[in-house]
Amino acid sequence: MLPAQLTPESFAAYPREAKAVATQHLERLRQLPLAFVPLLLRELNVYDYKFPMERRDLDRQLQYLASLSDDQFRAALAPFTGLKLSADLEKLDWINNPAVFTEQLTAHLWTTHQIDTFRNGAIEYVNKANAAFPDEPLPARRLGIAIIGQGAKNNDYRLFRKLRREGTYFTAVRPGGALEAIVNVVGKRAEAHPAPYSHWYIDGGVSATGAGASVARVSYAALSPVRTALQGRMQKIYEASVFDPEAFRTTLAQIKPAEIGLDTERDPALSRYELSLLSEGSGTQVFSTTFVQWAVREALRRAQPITLLARFAPRQREKQMNELLVESRHKAEQDPQGSLVDADMGAYYHWLNQQRLPGAEQSSFLVWFEDHGEAVAIGPGLERGQVSDVVTTMADLLARLT
């Protein structure tokens, strides 16, 4: 089937809102080249489960395509129209399985040396689509907070080496009441700017209390039953006589939330997000530090929150994956010191990903070594590459960042 043959009935299997959007833009969808339309449908197919910022971006993209004249439309899609596709790709059910089509398209473009043409065309297209709809001012300064080193008593590792040059390194932060002060700030920001999925708390262990009901919460500990169910499936695949990595990935991608115990009625968008963390991430099922790092990356990319608190917890010691899948069902040996090093790098990636979002020049960031006096604060008014030995409280430090 080719895009020109699309009808409203083509989207019968799509969720309600996705079906409505597809029907509304059907005329333009029919005009898109086969190398492009499944990529758009991959996002549209899960429209009902997307976060508000994701929906906004997809709506803008469709509006951009609709606004183009015929000549502008042909020019914008020319890099994709010129790609040579195989007959096998044309036979795929790219309407109902756009993710499978995308994977096979990528492989085809690599083997036929067309990937650079596709990539360059995609970059140009995205830049033009984004330029058509300038971002609105943020309701508040974006704030990222990373808490690292939970359970680490002693440390001889030089923390924050990549972040110190970006802000001020504080060496005498009073740890008493610091966690409570951080969680309270997240809750107060959520009350002051109550937009859905604008404020997040991601924890690699058990979440601390006090952030408030309007904060989107994701906890590695709370997802323990879900992870156990998923690990059981993964273990069976690992134990097969022949392990096929591609088939393994495809199997994980096809898992539905309810199949591993996720409650889709409570919060469909958040449940799908949690499923993607565990089914698409590498190591997120068994390493809490990897889980937090990946969860932060995806939350920033997809939800673009103005507040994101990430608290790292100790992970189990590294071993072979098949051993980890078995041991994760029992009490595994923890590695607080190794987890501290992991989390230190995770905090750096947190900051980098935050800087890719609108308003980066005015954003703030804090990383704190939990239960210790070391922290780095980055933001307007804080000197870069400086060290402060002045005794301060976490509340005072947060007041300078918000």
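Two strands are taken to pair if DSSP finds at least two bridges between them. On that basis, the predicted model holds an open sheet of 8 strands in the order β5-β4-β6-β1-β7-β8-β2-β9, with mixed pairing. The edges are formed by β5 and β9 (386-388), each of which pairs on one side only. From one strand to the next, the twist averages 15 degrees.

A good place to begin a tour of this sheet is strand β4 (residues 199-203), where 5 of 5 residues are buried. Both of its faces are covered: His-199, Tyr-201 and Asp-203 lie on one side, Trp-200 and Ile-202 on the other, and all are buried. Strand β4 runs parallel to β5 (residues 216-219), to which 4 bridges join it, and Asp-203 stands opposite Ser-219 in β5. With β6 (residues 307-311), β4 pairs in the parallel sense over 5 bridges; here Trp-200 stands opposite Leu-308. Strand β6 also pairs with β1 (residues 143-148), again in the parallel sense and over 5 bridges, and Gly-144 stands opposite Leu-308 in β6.

Helices pack on this sheet. Helix α12 (residues 268-280) touches β4 and β5, and its direction makes about 30 degrees with that of β5. Helix α15 (residues 336-355) touches β1, β6, β7 (364-369) and β8 (375-378), with a direction at about 175 degrees to that of β1.

Turning to the nonpolar cores, the largest has 50 residues, and those with the most contacts inside it are Ile-148, Leu-163, Trp-200, Ile-202, Val-218, Tyr-273 and Val-367. Leaving aside neighbours within four places in sequence, Tyr-273 is in contact with Trp-200, Ile-202 and Val-218, and also with Phe-51, Ala-295, Val-296, Glu-298, Ala-299 and Arg-302. Apart from the largest core lies another, of 37 residues, among them Ala-18, Leu-62, Ala-76 and Trp-94.

Helix α7 (residues 98-111) offers a neat example of a two-sided helix. Its 14 residues reach 20 Å from the first C-alpha to the last, close to the 20 Å expected at 1.5 Å a residue. Buried in α7 are Pro-98, Phe-101, Thr-102, Leu-105, His-108 and Leu-109. Because these residues cover an arc of only 130 degrees around the axis, they fall on the same side of α7. On the other side, Trp-110 and Thr-111 are exposed. The buried residues of α7 pack against α3 (37-44), α6 (87-91) and α8 (115-131). After the helix comes His-113, whose phi is positive, near 60 degrees.

Definitions and conventions
Residues are numbered from 1 along each chain as its sequence is written. This is a predicted model: local features need pLDDT of at least 70, side-chain atom pairs count only at pLDDT 80 or more; totals for chains, interfaces and linings use all residues. Side-chain values use heavy atoms; hydrogens and water are left out. A nonpolar core is a set of buried Ala, Val, Leu, Ile, Met, Phe, Trp, Tyr and Cys residues joined through side-chain atoms within 4.5 Å. Buried means under 20% relative accessible area, exposed over 50%, partly exposed in between (1.4 Å probe, protein chains only). Contact means heavy atoms within 4.5 Å. The expected span of a helix is 1.5 Å times one less than its number of residues. The arc is that of the directions from the helix axis to the C-beta atoms. Axes are lines fitted to C-alpha atoms, for helices over the stretch in contact, and angles run from 0 to 180 degrees between N-to-C directions.
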